[in-house]
Amino acid sequence: MTPRPATPGSQFASRLGVTERIFAGPRLRKLLTTVEVGLDQVEERLAGELTVGDSLADVTSRYLYEAGGKRLRPMLSILTAQLGSGVTDHVIAGAVALEMTHLGSLYHDDVMDEADRRRGVPSAHAVWGNSVAILTGDLLFSRASQLMATIGERAIRMQADTFERLVLGQMHETVGAQAGDDPVEFYLQVLSDKTGSLIAAAAEAGVVFSDAPDEYAAPVREFGERVGVAFQLLDDVIDLSADAEETGKVPGTDLRAGVPTMPYLLLGRAGDPSSQALKATIDDGVARIADGADPAILDAPLASLREHPVTEATRALAHQWADRAVAALAPLPDGVVRESLTRFSQVMVDRSS
């Protein structure tokens with residue numbers, strides 16, 4: 001029997017668990033209600049869009065959706081829509097399309113990274129194989145594009161541009177930095193493309209599809225991209241967490257699969273012999289795992305990396321990107337939207353999972 005994750009909850013609090021920090025105070029409490037109503041609309045529309053007539057595709061398309069998710073991107077669309085006419089039908093459609101794009105990318109990412117788990121459940125390719133997982137991701141991309149086409153030409157362009165960056169980011173991550181590239185700067189650009197671009201599009205969609213003043217589009221887009229990089233840098237720290245039940249992934253999943261993360265790259269920059277020895281041990285372990293060795297051979301080296309100063313440096317870098325995201329909001333008017341976005345950025349780098 002095909003494993004089936006639990007149905008995701010409909011309340012914003014259950015997705016993030018940080019509402020007290022983002023929406024503290026009476027001014028923001030009213031905005032929280034608006035966000036929750038909007039997210040319920042997104043959830044209902046998303047469930048409908050992920051329903052497919054084909055019996056196999058219906059199960060595979062809904063698999064990661066039913067495993068849960070924070071719905072960060074739709075939430076940003078709903079927040080930035082408050083700069084215009086609020087949660088319109090087009091805002092909901094755009095938010096759903098971008099969330100479907102995100103879901104589709106997860107199917108592909110897990111195949112590329114050979115990840116066994118996602119959101120606490122077996123990854124799709126572990127259940128159905130690589131081909132079905134890749135095709136499911138393609139199906140979700142197609143359906144997202146169809147939905148964007150109902151909004152108009154600007155929505156189609158937004159989707160196409162974002163998808164191009166997602167593909168380029170994955171391609172560059174797969175090939176790796178080339179001779180003459182700075183590995184850290186190269187990696188930051190990959191994060192901007194793979195993670196930041198989609199969050200940026202979600203933030204911009206709220207402005208564009210609510211007919212907010214067009215001069216707000218660039219600031220929220222820049223905010224979203226920087227938050228995305230900050231979010232992923234913090235994920236690199238979380239990836240080393242010893243609590244697999246909390247993260248839903250085996251500690252060090254990315255590194256065990258040979259995917260560099262920021263702590264590892266900063267380790268390469270460290271000039272002391274002990275850091276270089278640790279990097280060599282990790283490199284040797286990754287090579288041996290690729291040849292069929294037990295991934296547990298990296299347990300001790302990754303525990304050492306978790307306690308190394310480069311991991312705390314990665315956390316600090318995430319906070320720097322979050323601060324830059326907040327700085328991008330300067331052109332927005334003072335008020336609950338700007339305040340909530342500021343808190344959102346801070347919460348994204350203060351989380352533990």
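Biologist: How much surface does the chain expose, and what share of it do carbon and sulfur atoms supply?
Modeller: About 15,000 Å² is exposed, and carbon and sulfur atoms supply 52% of that. Those areas come from the Shrake-Rupley method with a 1.4 Å probe, and for residues only the protein chains shown count as cover.

Biologist: Before we go on, what sort of model is this?
Modeller: It's a predicted model: local features need pLDDT of at least 70, side-chain atom pairs count only at pLDDT 80 or more, and totals for chains, interfaces and linings use all residues. Residues are numbered from 1 along each chain as its sequence is written, and side-chain values use heavy atoms, with hydrogens and water left out.

Biologist: OK, how many helices and strands are there?
Modeller: The chain has 18 helices and 2 strands. Both are DSSP runs numbered from the N terminus: H or I of at least four residues for helices, E of at least two for strands.

Biologist: And the overall dimensions? What does the C-alpha trace span?
Modeller: About 60 × 50 × 35 Å along the principal axes. The radius of gyration is 20 Å, which agrees with the value near 20 Å for a compact globule of 353 residues. That radius is taken over C-alpha atoms, and the globule rule is 2.2 Å times the number of residues to the power 0.38.

Biologist: What percentage of the residues is buried?
Modeller: Buried residues make up 53% of the 353 in the chain. Buried means under 20% relative accessible area, exposed means over 50%, and partly exposed is in between (1.4 Å probe, protein chains only).

Biologist: How covered is helix 5?
Modeller: Helix 5, residues 72–81, is mostly covered, with 10 of its 10 residues buried. Among them are L72, R73, M75 and T80.

Biologist: Switching to charges, how many salt bridges does the structure hold?
Modeller: There are 18, counting a side-chain nitrogen of Lys or Arg within 4 Å of a carboxyl oxygen of Asp or Glu.

Biologist: What does E99 pair with?
Modeller: E99 meets R71 in a salt bridge, 3.5 Å from N to O. E99 lies in helix 6 (residues 89–113) and R71 in the loop between helix 4 (55–66) and helix 5, so the pair ties together parts that are 28 residues apart in sequence. Both residues are buried.

Biologist: And K194, which partner does that one have?
Modeller: K194 bridges to E173 at 3.1 Å, N to O. That pair links distant parts of the chain, with K194 in helix 10 and E173 in helix 9, 21 residues apart. K194 and E173 are both buried.

Biologist: Which residues do salt bridges with shared partners join into one network?
Modeller: E43, R71 and E99.

Biologist: What about D161, where is its partner?
Modeller: D161 and R157 both lie in helix 9 (residues 153–175), 4 residues apart, about one turn of the helix. Their side chains meet in a salt bridge at 3.6 Å, N to O. An α-helix has 3.6 residues a turn, so residues three or four places apart point the same way. D161 is partly exposed, at 34% relative accessible area, while R157 counts as exposed at 53%.

Biologist: Last one: what's the phi of D211?
Modeller: D211 has a positive phi of about 60°, although it is not a glycine. Most residues other than glycine have a negative phi. D211 sits in the loop between helix 10 (183–208) and helix 11 (217–238), and counts as exposed at 66% relative accessibility.
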